[in-house]
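Subject: Model handover

Hi,

Here is the model I promised you. Have a look at it first, and then read on for what I found.

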Amino acid sequence: MSASLEKGIHALKEVIDAPIASYFNSCVHCGLCAEACLFYLETGDPKYTPIHKLEPLRRVYEQEYTLLGRLKKWTGLSKPVTDDELDQWQELVYDSCTMCGRCSLVCPVGNDIVYMVRKLREGMAVSGHVPDGIKGAAKRTVEIGGPMGLKWPAVANVIKKAEEATGLTIPVDQAGADYLVLLSSMEIVNFPEYLEALAKIFNKAGITFTLASDAFEATNAGIQIGNSDLARVIVSRIVDAAERLKVNNVLSPECGHAYMAVRWEGPNLIGRPYSFKVVHVLELLDELRQKGVLKVKDKFKEKLILHDPCQIVRRGGVLNAPEPLVQMVAENYIPVADKQMWNWCCGGGGGASAIHTEEAEALRAKAFGIKKRQIEDAGVKTMVTFCANCRIVMEEAIDHYEMDTQLLGLTELLAEHLED
Amino acid sequence: MDALQFLTWVRGPGLDIAVGIFVLGVLWRLIEIYTLGRKPDLAEARHAAGASGWHTVFRRSLPPPGMMKRSPVSYIGGYIFHVGLAIIVFLFAPHILLITNLTGLSWPGLPSQFVDLVTVVTMAAMIVVLVDRINKPAKRFLSTFEDWFTWAVTFLPVLTGWMAVQHLLLPYTLMLAIHILTVEILLIVLPFTKLFHAFTLIGSRWYNGRVNGQRGVPV
Amino acid sequence: MQGSLIDSLARQGITRRAFLKYCAMLASMMALPPSAGRAMAEAMATARRPSVIWLPFQECTGCTESITRSHSPSIEGMIFDLISLDYQETLMAAAGHQAEEALHATMKSNHGKYLLIVDGSIPLGMNGAYSCIAGRSNVDLLKETASGAAAIVAMGSCASYGGIPKANPNPTGAVSVSDLVKDKPIVNIPGCPPIPVVMTGVLAHYLTFGALPELDAKGRPKAFFGETIHDRCYRRPFYDQGKFAKTFDDEGARRGWCLFELGCKGPVTYNACATVKWNGGTSWPVESGHGCLGCSEPDFWDGGSFYKALSMPADPLKLGGAAAVAGAAAGVAVSVANRVKKGAAKASHEKATLADLEK
């Protein structure tokens, strides 16, 4: 196969830009980013300091794009980035970084560290330093259609069941609909109620929608690996379907990184703006709530807290929609101290949840500590979230710690309590 | 070379050279960094970017929620020594005079006893920050020679300036000369080390603020 | 306390009490114990008058003027009664061969015991031809006279450090006494001119204790040159408060604020002007409204404008324009190289496939 160090460096040379140059020149090694990283906070190991995870990128920047660095490289004074080093960094760039972006919020000089991690992954990918788990997911997405290897018949099956449960028609490949509904494999397999809930809500609001048989999968392992070429292949399916079906909007599912992929990275991957809008399902629900379309018949009684998925809230900008929706459906909503853009990651975003080595799983469990304390401090038995990946990761951790916390999807919770 | 000749040199050719290298370095580095280009963001913005970059330039000067508690020394120590340096550099009468003579701009200074106090507090804060760098695992782990070196290069002008004014250790003339020399070293070193954050910090905050501002996140 | 000195002072209207007071003042200025004043007076009153040779070299006679000139007979003037000034061109009645004879007679009869006072620098250019006495160059004269001297007093900034004759570009190749004489005790009394009482203090010390007073690294008596003008300046509080005269006729100048911004070199000048003052304690430069020129420091003449404040660099922006152009050029050059490199990297982009993820 063809991954190589040269290809990796070449990729980094392509992606290094003025912001990265500015960021590296601004870093004063204050280490405050470590205080925002759950992997550092929960392990106390300074190698998890976010800016340190970027060391190979920094060196390539310095050696390729600064005069002094070029001189140092030319005179043999600089330490070249080696394959072994990248191999060592794999754990730092993938296992222990969920691209949650909290570090980018606290850096006193303003460095967007997660932006740089995303760029470094471009080099890691083509130099052959991607963990097998994410690689497998990417392979399945490109070759089969989704990270879990799901094919359309399985989706069709879920659709059929949803139609039976709701008594509503769920259109497929219907041109001219308002919304093209995307799903994530995780929802199809583990939380099929999501589709039922959506069908009911759309029906009630009188909004037309459709699914596309060739573009049902919203997730994009290409951006998790950090390879734009693969990410483009995956996102293009959605763009092509949306344009073929001439929909006005594409509805991104609860899944966090899917929203990042379709909403924010997509146009940049295909190199042009979309002819349609990308809406996160919670944005749509909140809009319907404000219009008064969404009404609940009763409320969820027990105390609950909300987990804001990083890619949707902090990095995606869906800041204000979730809370009012939770408040509408829950009687005893307890806001946590670090909420919305200041939330703490579930510990498994950015592809980390697909890494199934023992070390990675142990690290994830450890990183969950901060979430665990949040749950315990609030004294709740229920946590609501709106990302299937967060939900799976946290369910695993809850099992690991033998806690009795139940996790709910927000859309699903809403659907359960909506007026019929 | 006696002290007055030394002083004459550092005030004359020495400063010419230092300011020259500083100006050269700053322009070179700024152009080197900011002409590397970046792709326009093609995703439809949630909010027009507007002044979000500038908002972050200012907002990032305040500690984000919870961070003051996690690293009080970084923030309090950092504030004191940055503000202290600004007071010393821009509000000490002899320094204002220097700027006035160079640029024609003038503003009132602070009583030198007050500046004196600020200097002592600033030095204390810098020492505390240094100790923090040694004590905190993440800081110590990240530290390279450059971190210790730039600390010393920043600390020395403050120390020597204060010692000159206080007539400590060496005669005033020699101390003043050493003070100016240390400032020259600082000027020469600044564009080529992490001290350059004094300039790039604005750009970095702006980029971060703008990219995230378009997504609707006031970082 | 008796002796010819006391009588001679009395004849000039100076009482014994006044003389004692003067000695006590000298002692205190030189940081000697109070008893030293009396010891000094007694020593001076009874001392055998030491022979002194005063050689003027490349000088302006300002030093001599400073010490001798006064409106009424002063004790500084009277100090010459203490010594046997055997050769001083300006003051002596003899001239020509007579004078030269006096010089040689003194050198011979007091060999190894006379005190040599020098004012003026010594030119070395053109084999010393710039300044000659009786056909001999200053440098020759100095070497000859110094060889028999017990000690040498370099009077004034020229003799001490080369002074104005040495100012850049130093056309005569002027040097100081200590540049030429290495084997004799030398005391520098710099100043342009030096303060009279400093000289008499040094002489009194020499007479009383038979040795030169304690000197600093620049060969100056510590007692008079231990602190800067700025340290002892009565305007110092204004400096500390940041109150500066901006021009010589502004409100600040009228209120007597600090002259730092007007170029006062007080902070880098070691001398006793601020405490001793001039003209019998009447005033001194800063009190009269002008900053200190730093005339008692080496190379004061080459230290930039007298009116440029100390914190003010000579001309730091001289290279600024050129540096800006060079910096911009370097930046643009790297920038172009960077863009070429990045462009080439992008152009040679190979589209990654799944196979590219595996090594």
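Let me start with a single residue in chain A. If you skip the neighbours within four places in sequence, N343(A) is in contact with H307(A), D308(A), C310(A), V313(A), R314(A) and D338(A). Bear in mind throughout that this is a predicted model. N343(A) sits in the loop that runs between β6 (330–333) and α18 (358–367) of chain A. Is N343(A) buried or exposed? With 22 other C-beta atoms within 10 Å, N343(A) is buried, since the bar for that is 20 or more. E359(A) is 16 residues away from N343(A) along the chain, and 25 Å separate the C-alpha atoms of the two.

Next, the domains of chain A. The assignment splits chain A into domain 1 (5–129), domain 2 (135–287) and domain 3 (293–417). Between the C-alpha centres of domain 1 and domain 2 of chain A there are 32 Å. As for where these two touch, six residues of domain 1 of chain A are in contact with four residues of domain 2 of chain A. On the domain 1 side of that contact in chain A, you'll find three nonpolar and three charged residues, with no polar ones.

There is also a helix pair in chain A that you may want to pull up. Helix α2 (residues 18–26) and helix α4 (residues 55–65) of chain A have axes that come within 11 Å and cross at roughly 105 degrees. That crossing makes α2(A) and α4(A) roughly perpendicular. I20(A), A21(A) and F24(A) of α2(A) make the contact with R58(A), Y61(A) and Y65(A) of α4(A). Sorted by class, the contact of α2(A) with α4(A) has five nonpolar residues, one charged residue and no polar ones.

Now on to chain B. What is chain B built from, in terms of helices and strands? It has ten helices and zero strands, so to speak a plain run of α-α-α-α-α-α-α-α-α-α along the sequence. The C-alpha trace of chain B spans about 65 × 35 × 35 Å along its principal axes. Of the 219 residues in chain B, 47% are buried. Among the contacts in chain B with a separation of 6 or more, 74% are between residues 24 or more positions apart.

One helix pair in chain B is worth a look too. The axes of α8 (residues 145–166) and α9 of chain B come within 8 Å, crossing at roughly 155 degrees. How do the two helices run relative to each other? α8(B) and α9(B) are roughly antiparallel, and the crossing of α8(B) past α9(B) is left-handed. On the α8(B) side, the residues that meet α9(B) include V153(B), L156(B), P157(B) and M163(B). Their counterparts in α9(B) include Y172(B), L176(B), H179(B) and L186(B). By class, this contact of α8(B) with α9(B) has 13 nonpolar and six polar residues, and no charged ones.

Chain B also touches both of the other chains, and here is how each contact is made up. With chain A, 45 residues of chain B are in contact with 50 residues of chain A. Two or more residues each come from α1, α3 (67–70), α7 (137–142) and α10 (197–214) on the chain B side. Which element gives the most to the side of chain B that touches chain A? That is α10(B), with nine residues. The side of chain B that touches chain A divides into 19 nonpolar, twelve polar and 14 charged residues.

With chain C, the contact takes 38 residues from chain B and 37 residues from chain C. On the chain B side, the elements that give two or more residues are α1 (3–34), α5 (93–103), α6 (112–135) and α9 (172–189). α1(B) gives the most here, with 20 residues. The class split for the side of chain B that touches chain C is 22 nonpolar, twelve polar and four charged residues.

Last, chain C itself. Its domain assignment gives domain 1 (49–224) and domain 2 (229–302), and the centres of these two domains of chain C, taken over C-alpha atoms, are 28 Å apart. In the contact between them, 13 residues of domain 1 of chain C meet eleven residues of domain 2 of chain C. On the domain 1 side, α8 (156–161) and α10 (196–209) of chain C are the elements that give two or more residues. That side of domain 1 of chain C has nine nonpolar and four polar residues, with no charged ones.

Cheers

Notes
Residues numbered from 1 in each chain as written. Chains lettered and ligands numbered in written order. Predicted model: local features only at pLDDT ≥ 70, side-chain atom pairs only at ≥ 80, totals over all residues. Contact = placed C-beta atoms within 7 Å. Helix = DSSP H or I, 4+ residues; strand = E, 2+ residues; numbered from the N terminus. Nonpolar A, V, L, I, M, F, W, Y, C, P; charged D, E, K, R; others polar. Axes fitted to C-alpha atoms, helices over the stretch in contact; angles between N-to-C directions. Parallel < 35°, antiparallel > 145°, perpendicular 65-115°, else oblique. Left-handed = near helix turned anticlockwise from the far one by under 90°. Buried ≥ 20, exposed ≤ 12 C-beta atoms within 10 Å, placed from the backbone. Domains from an automatic or database assignment.
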